[in-house]
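Please look at the sequence and the model below, and keep both in view while reading. The paragraphs that follow begin with a single residue and work outwards from there.

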Amino acid sequence: MADVGLPSGWEVRHSNSKNLPYFFNASSKESRWEPPEGSDVERLKVYVAQNTRKPEGKIRAAHLLVKHRDSRRPSSWKEQNITRTKEEAIEILKGHEARIRSGEVSLGDLAQTESDCSSAKKHGDLGPFGKGEMQREFEEVAFGLEPGQVSNVVETASGVHLIQR
């Protein structure tokens, strides 16, 4: 695998029409929006964040969301009726945070199975966003992170999050 986290033969390119990165294999001429099999998704996210053009004033981040019964919409793709308390959601998220910080698992991999957000299927990736597009608490933390850095627990009306820029 190259420094960018892609299998041999793959490279990151930029779509001018969609203003997004995509993946291209020069030998097979295959192009795709999702990382190819065998990619190191976490290294790739850091590379893309540091080396691709971003719309003016926008950043890219991923998150892992745990909702609770007082969340703005207490249901998700995983659970139709969420009944856990906010305190229980925070404890769950702190457990996830410990696993991420220990290096046991990446935020993106954990988000796929544990996040209550529909972005779970994209490793928690929210795509590029600018100021004023996310909830204030989320945005303030996300814009304050360095690429690759993971936040502490962030509370919003949607639930509790870990954010990785």
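In this predicted model, Gln-164 has its place in strand β7. Is Gln-164 buried or exposed? Its relative accessible area is 11%, and because residues under 20% count as buried, Gln-164 is buried. A polar atom of the side chain of Gln-164 lies 3.0 Å from the backbone oxygen of Gly-148. If neighbours within four places in sequence are left aside, Gln-164 is in contact with Glu-42, Lys-45, Ala-61, Ala-62, Leu-107, Leu-145, Gly-148, Gln-149 and Val-150.

Two of these names, Glu-42 and Lys-45, lead on to helix α1, which covers residues 41–51. In this helix Val-41, Glu-42, Leu-44, Lys-45, Val-48 and Ala-49 are buried. Seen down the axis of α1, these buried residues fall within an arc of 160 degrees, and therefore they line one face of the helix. The general background is that an α-helix has 3.6 residues a turn, so residues three or four places apart point the same way. As for what this face meets, the buried residues of α1 pack against β1, β2, β4, α3 and β7.

Strands β1 and β2 from that list belong to an open sheet of 3 strands, which has the order β1-β2-β3 and antiparallel pairing. Because β1 (10–15) and β3 (30–32) each have a single partner strand, they stand at the edges, and one side of each is left without a neighbour in the sheet. On average, and with direction ignored, neighbouring strands of this sheet are turned by 30 degrees against each other. Between β2 (residues 20–25) and β3, which run antiparallel, there are 3 bridges, and Phe-23 stands opposite Arg-32 in β3.

The nonpolar interior can be taken up next. The largest nonpolar core has 14 residues, of which Leu-64, Val-66, Leu-93, Ile-100, Leu-107 and Val-160 touch the most other members. At least two residues of this core are supplied by each of β4 (59–66), α2 (86–102), α3 (107–114) and β7 (159–164), and the largest share, 4 residues, comes from α2. Val-160, again leaving aside its neighbours within four places in sequence, is in contact with Leu-64, Leu-65, Val-66, Ala-89, Ile-90, Leu-93, Val-153, Val-154 and Glu-155. Apart from this core lies another, of 8 residues, including Ile-59, Phe-129, Phe-138 and Ala-142.

Methods. Residues numbered from 1 in each chain as written. Predicted model: local features only at pLDDT ≥ 70, side-chain atom pairs only at ≥ 80, totals over all residues. Heavy atoms only, no water. Pairing = 2+ DSSP bridges. Axes fitted to C-alpha atoms, helices over the stretch in contact; angles between N-to-C directions. Core = buried A, V, L, I, M, F, W, Y, C linked by side-chain atoms within 4.5 Å. Buried < 20%, exposed > 50% of the residue type's maximum accessible area, 1.4 Å probe, protein only. Contact = heavy atoms within 4.5 Å. Polar contact = N/O pair within 3.5 Å; in protein donor to acceptor, adjacent residues only side chain to side chain. Arc of directions from axis to C-beta.
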